Amino acid sequence: TECVSGCVCPEGLFDDGRGGCVEQKDCPCTHNNEWYSSGDKIKVDCNTCTCQKGVWKCTEDVCYGTCMIYGSGHYNTFDGKFYDFDGSCEYVATQDFCSDKNSSGSFSIITENVPCGTTGVTCSKAIKMFLGKTELKLENKEYKEIQRDVGDDVQYWNRTVGLYLVIEASNGVMLIWDKKTTVFIKLSPDYKGKVCGLCGNFDDKANNDFTTRSGLQENNPLNFGNSWKQSPMCPDVTQEIKPCDLKPHRKSWAEKECSIIRSEVFEICHSKVDPLPYYEACVHDACSCDSGGDCECFCSAVAAYAQECIKAEACVFWRTPDICPIFCDYYN
């Protein structure tokens with residue numbers, strides 16, 4: 001009935017968000033603030049999404065879950081909850097012996113944490129993996145097998161992939177270890193909602209990951225973490241350690257080194273994976289590793305972010321001869 005100021009598309013065409021007018025079949029889609037044309041495909045976890053008429057249509061495969069434990073007490077659960085817990089003891093990372101006391105689980109993974117600096121922060125020193133009656137102990141860059149009297153036979157295979165030792169079991173459990181302080185645990189979708197421990201319950205909801213051993217919901221990561229210790233003799237963690245406050249002379253060095261995570265080197269990844277928690281974890285680790293191995297702590301922290309970027313299909317080449325070099329010829 002009256003004129004309206006502004007630009008509109010001719011009838012039958014649609015604004016494509018980029019200043020043009022297109023037919024409906026050519027409408028673009030957005031993902032992480034980036035525009036994609038009709039027909040473009042992206043990977044989201046293990047599914048492929050295709051842009052159709054301005055809407056993403058995705059395959060609905062059920063994906064493996066991944067939990068990451070790295071550096072001085074950083075955890076990223078199967079459902080993507082990121083938190084810190086610095087306990088010096090053995091803790092249940094994940095297991096399927098959960099609510100029902102009579103249930104016989106098929107696996108358990110224990111992480112043994114020890115102090116990795118003078119400030120009191122802890123790093124994963126050894127991992128124990130119980131598969132039926134087999135116990136595998138990963139420590140000092142190698143692993144050994146111990147046979148126990150109880151449990152079923154669970155087959156497993158091990159192989160080396162680049163820097164990592166990979167142990168894959170027939171029950172859908174995979175453990176990837178960098179032979180230092182980083183561990184990835186992958187579980188098949190059959191375990192959704194059936195596991196417990198520091199890696200959470202793998203039910204696609206991050207808000208209930210802090211479920212204690214007795215089945216209570218916690219908000220505080222310290223109370224949650226303490227409930228999963230293996231030995232009641234270990235002391236509880238009562239306060240969060242802030243190594244940069246304890247070692248202020250290391251703080252500026254740590255911030256300068258870790259700034260690579262927020263720099264243009266990783267720019268392609270920033271819209272896909274939030275760099276802030278990884279940057280803060282990196283600064284925490286670089287401050288805390290003050291008894292040798294500070295480069296190893298820094299490199300593990302940056303590698304953890306790079307790994308998440310690769311999962312989000314943002315490939316970043318960040319290692320240089322000066323920054324965390326790897327001698328590829330040796331590993332190949």
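**Strand pairs and a helix crossing**

Student: Which residue of β13 does Val 114 stand opposite?
Tutor: This is a predicted model. Strand β12 covers residues 107-115 and strand β13 covers residues 122-131. Val 114 faces a residue in β13. That partner is Cys 123.

Student: Over how many bridges do β12 and β13 pair?
Tutor: These two strands run in the antiparallel sense. Their pairing extends over nine bridges.

Student: What is the strand order in the open sheet of five strands?
Tutor: Pairing in this sheet is antiparallel. β11 (90-95) lies at an edge, and so does β15 (142-147). Each edge strand pairs on one side only. The order is β11-β12-β13-β14-β15.

Student: What does the twist average from one strand to the next?
Tutor: Take the open sheet of five strands. From each strand to the next, the twist averages 25°.

Student: Is Lys 137 buried or exposed?
Tutor: Lys 137 sits in strand β14, residues 134-139. Its relative accessibility is 18%. The cut-off for this class is under 20%. So Lys 137 counts as buried.

Student: Which residues does Lys 137 touch, not counting residues up to four places away in sequence?
Tutor: Start with the lower numbers: Glu 112, Ala 126, Ile 127 and Lys 128. The rest of the list is Glu 142, Tyr 143 and Lys 144.

Student: Which residue in the turn of the β6 and β7 hairpin has a positive phi?
Tutor: β6 (residues 47-52) and β7 (residues 55-58) pair in the antiparallel sense over four bridges. Within that pairing, Thr 50 stands opposite Lys 57. Two residues lie between the strands of the hairpin. The residue with a phi of about 50° is Lys 53.

Student: Are α3 and α5 parallel, antiparallel, perpendicular or oblique to each other?
Tutor: Helix α3 spans residues 248-258, and helix α5 spans residues 276-288. Their axes come within 8 Å and cross at roughly 135°. Roughly antiparallel needs an angle over 145, and roughly perpendicular covers 65 to 115. The two helices are therefore oblique.

Student: How many charged residues does the contact of α3 with α5 have?
Tutor: On α3, the contact is made by Arg 250, Lys 251, Trp 253, Ala 254, Glu 255 and Cys 258. On α5, the residues are Tyr 279, Cys 282, Val 283, Ala 286 and Cys 287. By class, eight are nonpolar and none is polar. The number of charged residues is three.

Student: What is the handedness of the crossing of α3 and α5?
Tutor: The angle of this crossing is roughly 135°. Its handedness is right-handed.

Notes
Residues numbered from 1 in each chain as written. Predicted model: local features only at pLDDT ≥ 70, side-chain atom pairs only at ≥ 80, totals over all residues. Heavy atoms only, no water. Pairing = 2+ DSSP bridges. Axes fitted to C-alpha atoms, helices over the stretch in contact; angles between N-to-C directions. Parallel < 35°, antiparallel > 145°, perpendicular 65-115°, else oblique. Left-handed = near helix turned anticlockwise from the far one by under 90°. Contact = heavy atoms within 4.5 Å. Nonpolar A, V, L, I, M, F, W, Y, C, P; charged D, E, K, R; others polar. Buried < 20%, exposed > 50% of the residue type's maximum accessible area, 1.4 Å probe, protein only.
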